[in-house]
Amino acid sequence: MSKSMRLWLHGLGAAFIGGAATSLATILVDSEKFNIDTLLGLQHLAVVAVVAGIVSAAGYLKQSPLPPVEESRTAGSKLAALLVASLVLSSFGLAGCNDFERKTFQTLSASKALIDQAQIDYETGTLPHTQASYDAINKAKDAQTAAVRAFQVYEAAKLSVNQNSDMTLQIAALNSALASLGPAVVSVKQIYLGGQ
Amino acid sequence: MSNHTTVAAIISTTEEIQRDAAIVLEIIKTTYPQVSDEAAVAESILTILAALVTKALTAYAAASGAPITPANIEGLMPNPMPLTAPNS
């Protein structure tokens, strides 16, 4: 349970208890009907306590109908984080050269679509014209460029050497570039959530 | 399950989540008018994010069938136009 939810429930409980406690005043007003000495008196007292608690809790709900939304836990945030993470991370560390190339190509296609859209949204004003937005998009563009360059170097090396040659260096460089692209894309996502 | 099918399923789920969220937010706006502004902001963020994710996933799916050629790799470069500086 999130902290905001706990605080909200705590407030709701406190409002109910506070309202119920005021029912004790009825003992002073009519001690024959409302008392803790007889079963009937106790029942009357309990009914007043429950009703007063509900009224008080309703007042609290009117002021705070829902727990405050934690920005990092919104549906949009969860959705985007899940999909972007699965999109980028699923492409790393996969064995098999052809599969590696295909996944790299797909990942770079997806990240290009996302970064280009962020640039359009920035220029059209959908995203705020702040230094943070500007820096995040530019960093993502730089990371995308570096990853594409590494992919080009890898492909060129693959064509120029025979199949038994070691491609470890090129693969390591490409993996490193892709690893830098992940956080850059997440930073762009943060702009949409107002985190920049 | 092919890549294309998986991505199509994710896009469909994304759209479904967006629709459900829009309904929930609409109910919240009607029931609690005092949080109407916040709900409207949440709804617009969700719409933009869903569009963004759908776009990225569509590109991902399209790349599963495209040949990996030097020209296609060059095409993965980001938009070459520089961004407008924040103060201009």
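The legends below describe close-up views of a predicted model of two chains, A and B.

**View 1. The helices of chain A.** Chain A contains seven helices and zero strands, so that its elements, read along the sequence, follow the pattern α-α-α-α-α-α-α. Buried residues account for 31% of the 196 residues in this chain. Among the contacts in chain A that join residues at least 6 apart in sequence, 69% are between residues at least 24 apart.

**View 2. The helices of chain B.** Chain B has three helices and zero strands, and from the N terminus on these elements run α-α-α. Of its 88 residues, 24% count as buried.

**View 3. Helix 7 of chain A.** Helix 7 of chain A covers residues 168-192, and because a rise of 1.5 Å a residue over its 25 residues should give a span of 36 Å, the separation of 37 Å between its end C-alpha atoms agrees with expectation. The buried residues of this helix are A:L174, A:A177, A:L178, A:L181, A:A184, A:V185, A:S187, A:V188, A:K189, A:I191 and A:Y192. In an α-helix there are 3.6 residues a turn, so residues three or four places apart point the same way. Helix 7 of chain A is followed by A:G194, a residue whose phi is positive, near 75°.

**View 4. The contact between chain A and chain B.** The contact draws 41 residues from chain A and 32 residues from chain B. On the side of chain A that touches chain B, helix 4 (75-89), helix 5 (97-124) and helix 6 (131-160) of chain A each supply at least two residues, and helix 5 of chain A gives the most, with 16 residues. By residue class, the side of chain A that touches chain B divides into 20 nonpolar, 14 polar and seven charged residues.

**View 5. The largest nonpolar core.** The largest nonpolar core holds 45 residues, of which A:L114, A:A147, A:V188 and B:A56 touch the most other members. At least two residues of this core are supplied by each of helix 5, helix 6 and helix 7 of chain A, and likewise by each of helix 1 (3-31) and helix 2 (36-62) of chain B. Helix 2 of chain B provides the largest share of this core, namely twelve residues. A:V188, which is among the core residues that touch the most other members, also appears among the buried residues of helix 7 of chain A.

Notes: Residues are numbered from 1 along each chain as its sequence is written. Chains are lettered from A and ligands numbered from 1 in the order in which they are written. This is a predicted model: local features need pLDDT of at least 70, side-chain atom pairs count only at pLDDT 80 or more; totals for chains, interfaces and linings use all residues. Helices (H or I, at least four residues) and strands (E, at least two) are DSSP runs, numbered from the N terminus. A residue is buried if 20 or more other C-beta atoms lie within 10 Å of its own, exposed if 12 or fewer, and partly exposed in between; C-beta atoms are placed from the backbone. The expected span of a helix is 1.5 Å times one less than its number of residues. Two residues are in contact if their C-beta atoms, placed from the backbone, lie within 7 Å. Ala, Val, Leu, Ile, Met, Phe, Trp, Tyr, Cys and Pro count as nonpolar, Asp, Glu, Lys and Arg as charged, and the others, Gly among them, as polar. A nonpolar core is a set of buried Ala, Val, Leu, Ile, Met, Phe, Trp, Tyr and Cys residues joined through C-beta atoms within 7 Å.
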